[in-house]
Amino acid sequence: IPDYRRQRHVLQLLTLFALVVAPALGVLRIDLATGTLMVLGHAVNLRNFPAVAGLALVLATAPLVMVTTIGTLWCGWACPQNAVSEWATTLTHRWLGRRASVDIEGAGLRVAPSKNRLGNWARLALSFAGASLLLGLIPLFYFLAPGELWALATGADRQFRGFVARLYGVSAGLAFVDIALVRYFLCNYACLYRIGTLLFRNEHGLQVQYDALRAADCARCNACRVSCLTGVDPTAIGRYDRCINCGECIQACARLHARHEPAQAGLLRFAPGSGQGRRGGAALLARVGWHGLLFLAGMGLLAFGLPS
């Protein structure tokens, strides 16, 4: 039985860690103190056309390559926004009731009467505030090196320190609003990757597939629908559905069959879409598309333009 939930949470934490470590190590950072662009540890002048053009191509096409290969697996397994939203929803259910809803996309404010207490609201708000103070630091690492941030905290130029403090306040405030109210609304209506999945998703990408030949085995079962984080029907996922490939439905179906029919596997699984008979290089090209070639060109330009 796949333990997708634990694996997802580990990968989500690693992604959040990478968001902090990458700029701190100079993988990608706009350094305000020196006015330079740091790429893979190299200071890049903005007039360095090959490096700047290559970086722009890589950043523009990498999400498209992901959309056409792993699909929404990024959303369910690594996206920080989804990870934070899932954590906030879990915490909301713990303190305000299993079906509680406080975000703007829900069916209005809904709280279990037995949980509607000041202490529970305070715990929830403090948890959100603490997480916001930590998440608010992440954007700062993309503009200031860790040493510069420490120098500001321990006493540096007051005017610059005040500017950074205001920037941090805005960042932490937006993080709190996102955690407390916005959550999946941002993913569904404002996320560029989500828009990309709607525009560029093809039949080749990774997706949840249902064994319709064994439909009779789940005629009276609703485990997969109940476990779905986005409320879609895993047995009939359409192109424009909100499936994020989290695997919760696959895990729920597998556990149910293991309990009642040990000899039978679950009816849901991860699998690439149909390749329409293509094999080898043609199948690979169909998956990555023209944007895959542009991604490779961008990597080449970036490697050529970076200082040795």
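The legends below describe close-up views of a predicted model. Residues are numbered from 1 along each chain as its sequence is written, and side-chain values use heavy atoms, with hydrogens and water left out. Because the model is predicted, local features need pLDDT of at least 70 and side-chain atom pairs count only at pLDDT 80 or more, while totals for chains, interfaces and linings use all residues.

**View 1. Leu40 in the loop between strands E2 and E3.** Leu40 lies in the loop that runs between strand E2 (36-39) and strand E3 (42-44), where strands (E, at least two residues) and helices (H or I, at least four) are DSSP runs numbered from the N terminus. Leaving aside residues up to four places away in sequence, Leu40 touches Gly26, Val27 and Leu306, a contact meaning heavy atoms within 4.5 Å. Val52 is twelve residues from Leu40 along the chain, and the C-alpha atoms of these two residues are separated by 13 Å.

**View 2. Ser171 in helix H8.** Ser171 has its place in helix H8, which spans residues 158-182. With a relative accessibility of 13%, Ser171 counts as buried (buried means under 20% relative accessible area, exposed over 50%, and partly exposed in between, with a 1.4 Å probe and protein chains only). When residues up to four places away in sequence are not counted, Ser171 touches Leu135, Gly136 and Pro139.

**View 3. The salt bridge between Asp3 and Arg6.** Side chains of opposite charge can pair when their charged atoms come close. A salt bridge is here a side-chain nitrogen of Lys or Arg within 4 Å of a carboxyl oxygen of Asp or Glu, and a search of the whole structure finds six of them. In the pair formed by Asp3 and Arg6, the closest N and O atoms are 3.7 Å apart. Asp3 is partly exposed at 27% relative accessible area, whereas Arg6 is exposed at 61%.

**View 4. The salt bridge between Asp217 and Arg214.** The closest N and O atoms of Asp217 and Arg214 are 3.1 Å apart. Asp217, at 32% relative accessibility, counts as partly exposed, while its partner Arg214, at 19%, counts as buried.

**View 5. The salt bridge between Arg225 and Asp233, with a note on a network.** Arg225 and Asp233 form a salt bridge in which the closest N and O atoms are 3.2 Å apart. Arg225 is partly exposed, with a relative accessible area of 33%, and Asp233 is also partly exposed, with 26%. Elsewhere, Arg5, Arg8, Glu86 and Glu248 are joined into one network by salt bridges that share partners.
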